[in-house]
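Visitor: Hi! I've got a new model to look at and I'd love some company while I go through it. Could you walk me through the parts worth a look?

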Amino acid sequence: MKNITVATNASGVMVATLDMPGRPFNVFSEAMMADLAALIDQIERDTAAGNAPAGLVITSGKSSFVAGADLAMIQDFGAMRFSATWQEMRDRYSYLGQLFRRLEKLPVPTVAAVNGLALGGGLELAMACHGRVCADSKYIQLGLPEVLLGLLPGAGGTQRLPRYVGTELGTKMLLDGKPLTADQALASGLVDALAAPEELIAAAVEMVLGMKAGARWDTADFSMPDSDRSAADEDFRSWACEVAGVSARDSNLYPAVDAIINCLTGGHGKSIDAACNVEWDIFVDLMSDPVSSNMVTTCFLSKTAATKNSLAGVPEIAAPASFAVIGGGDLGKKPFKKMTQESEVDADFYLADLASSDVRADLLVQDLRVTQSALSDKPVLRLSGTFAESEVLELAPGKSAEDTALAMAVLQRSGKPIVVSRSAKSVNEVLISAMRSAYAGAGVSAQNFYTQCEAVGLEWLAQTAIEELAEPARSLQVTDRALGLPLLLGLSLDVYAWLKNEFGDSANDALLAGIDLLAVYGVEFPKWTGGPLSCLTMFQRGELKYSGAQALLAQLEWRFKNELGYKLAAA
């Protein structure tokens, strides 16, 4: 096994250490799943031969436990909807969950020694063990954030979590994606004990030697933890959204919300095997929806690859030790790690407003909400909101490669993904202008226009672009996205026209990914669409439609995606 090493201690306890070579985190890739299957096979063989280990401890050789599933593999899962049968998808998607069930049914006690981050499939692995001991550290996070990527935890997570922590907390965690700290996990019943990091394995061995094999729900007397609510309640769906802070509109736009709720209601009162089968059936249906693929691609794959792509061809330069903001602009608290903020007369690197004429400025900062792009010899940081709120940064390069490299070195210290944008305008500037034009030409009231925006998730862009909507119009909690589809297509077509005019034949796949990423995390173009170019792809495929759309789509000369992701091609 390349990804799991096994050692048996003097007490006969087998310690399996997950440690994927060449990766900063453990994830459940096809190779990791194959190794876990081999480990389970080995224990089953040894048990059948009368040589069962005294117990099994599963831990990690990295600073984190397991970060989740390999999302490149999940992207491949999404591509199956174009060619595979429902059953073929079901067989592949349920494989990890079936492995976890085999692990859970081993006749030897099994304990997860959670030494760090345990998210998604990592927490699902820990929950499939018979016991869990967690490092007592402020850096620990245990959660199921799949909903934030348009997914659900499809390896038994929707069924085991509420069986450990109760319906209310389980529902909230599944629908808001927020993790628990180690202390919270202990208090909730998600883990059984905490231990000092240096004593974690010893504590796990002690736990495994003192417990019986088997999951609690495989006993005749198992009952759900006490809760004020039951997934069988008639109003459970509305209550679930309320407890997690999910609006009726978002539950309509993001299929993962309804899918998770259906898993909870469908699995309620069933055996764990029957409940997991409900989850796996629903997971297939969710992965057949383009929203999941859009969100995995933009919100994870493109986001993760952005800085690496932007560094291609950029000289490597060490970040300076200190910085200052000319004119007293606010970047928030400690915006750059390992860099001290100094006064304007004593820094190694200077930031200044785009309009500044101060020759010391190494990086100019543009607020796209109020300032139009202008030619500059210096690199420009383009922001659609505050620096602190920005999840992804856009850098327009300067004339000098060294100046751009220095700006990149500083921005990397923020820990945020960076997209280098080699265009006269930002895509977010294009979208702000397009939204203003759409409103001016709509001939409807502010409330009517806002309702169209709200129907598809464009409120933030509308409020940013249009003065009359800066103070939001009354939310009607519309749930019919059809109301906003013409506006959504119109904005996306404006981005296409800008892209075609600005880049022409030089456009490439990485550029397309960067445009969608900047739009989603800049002016909050709806995540469910994946960005304006992914949105156009949905219209081209007929996944989004309304009367009159086809005539508008006829002007497109390009397609932007194939089954696996961004791939520019003739329409």
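Guide: Happy to, and we'll go through sheets, helix packing and then a few single residues. One thing up front: this is a predicted model.

Visitor: Good to know. Which order do the strands take in the open sheet of six?

Guide: The order is β1-β2-β3-β4-β6-β8, and the pairing is mixed.

Visitor: And which are the edge strands?

Guide: Those are β1, residues 4-8, and β8, residues 193-195; each of them pairs on one side only. Going from one strand to the next, the twist averages 25°.

Visitor: Let's stay at the β1 end. How many bridges join β1 to β2?

Guide: Five bridges, with β1 and β2 (residues 13-18) running antiparallel. If you want a pair to click on, Thr8 is opposite Met14 of β2.

Visitor: Remind me, what do strands of a sheet pair through?

Guide: Backbone hydrogen bonds, in either a parallel or an antiparallel arrangement.

Visitor: What does helix α1 lie across?

Guide: Helix α1, residues 30-48, lies across β1, β2 and β3, the last of these being residues 55-60. Its direction is at about 175° to β2.

Visitor: Jumping along the chain, in what sense do β9 and β11 pair?

Guide: In the parallel sense, over two bridges, with β9 covering residues 322-325 and β11 covering residues 350-353. Val325 has Leu351 of β11 opposite.

Visitor: And β11 with β12, parallel or antiparallel?

Guide: Parallel, with three bridges between β11 and β12 (residues 363-367). Asp353 has Val365 in β12 as its bridge partner.

Visitor: Nice. Time for helices: at what angle do α16 and α17 pack?

Guide: About 135°, with the axes 10 Å apart; α16 is residues 427-442 and α17 is residues 446-456. An angle like that makes α16 oblique to α17. The crossing of α16 past α17 is right-handed.

Visitor: Which residues make the contact there?

Guide: From α16 you have Met435, Ala438, Tyr439 and Ala442, and from α17 you have Ala446, Phe449 and Cys453.

Visitor: How do those residues of α16 and α17 divide by character?

Guide: Seven are nonpolar, with no polar and no charged residues in that contact.

Visitor: What about α14 and α20, at what angle do they pack?

Guide: Helix α14 (residues 290-311) and helix α20 (residues 509-522) pack at about 115°, and their axes are 10 Å apart. That makes α14 roughly perpendicular to α20.

Visitor: Is the crossing of α14 past α20 left-handed or right-handed?

Guide: Left-handed. On the α14 side the contact uses Thr298, Cys299, Ser302, Lys303 and Ala306, while α20 brings Ala513, Asp516, Leu517, Val520 and Tyr521. By character, the residues of this α14 and α20 contact divide into six nonpolar, two polar and two charged.

Visitor: Okay, single residues now. Where is Gly120?

Guide: Gly120 is in the loop between β5 (118-119) and α5 (121-128).

Visitor: Buried or exposed, and why?

Guide: Gly120 counts as buried because its relative accessibility is 4%, and the cut-off for buried is under 20%.

Visitor: What is Gly120 in contact with, leaving aside neighbours within four places in sequence?

Guide: Gly68, Gly143, Leu144, Pro145 and Glu146. Leu144 is worth a click: it is 24 residues from Gly120 along the chain, and their C-alpha atoms are separated by 4.5 Å.

Visitor: And Thr537, where does that sit?

Guide: Thr537 is in helix α21, residues 532-540. With 3% relative accessibility, Thr537 counts as buried. Beyond its neighbours within four places in sequence, Thr537 is in contact with Phe560 and Lys561.

Visitor: Last topic: what is phi like at Lys334?

Guide: Phi is positive at Lys334, about 45°, although the residue is not a glycine. Lys334 is in the loop between β9 and β10, where β10 is residues 340-341. At 72% relative accessibility, Lys334 counts as exposed.

Visitor: And phi of Lys338?

Guide: Near 60°, so again a positive value in a residue other than glycine. Lys338 is placed in the loop between β9 and β10, and at 78% relative accessibility Lys338 counts as exposed.

Visitor: Great, thanks for the tour!

Note on methods:
Residues numbered from 1 in each chain as written. Predicted model: local features only at pLDDT ≥ 70, side-chain atom pairs only at ≥ 80, totals over all residues. Heavy atoms only, no water. Pairing = 2+ DSSP bridges. Helix = DSSP H or I, 4+ residues; strand = E, 2+ residues; numbered from the N terminus. Axes fitted to C-alpha atoms, helices over the stretch in contact; angles between N-to-C directions. Contact = heavy atoms within 4.5 Å. Parallel < 35°, antiparallel > 145°, perpendicular 65-115°, else oblique. Left-handed = near helix turned anticlockwise from the far one by under 90°. Nonpolar A, V, L, I, M, F, W, Y, C, P; charged D, E, K, R; others polar. Buried < 20%, exposed > 50% of the residue type's maximum accessible area, 1.4 Å probe, protein only.
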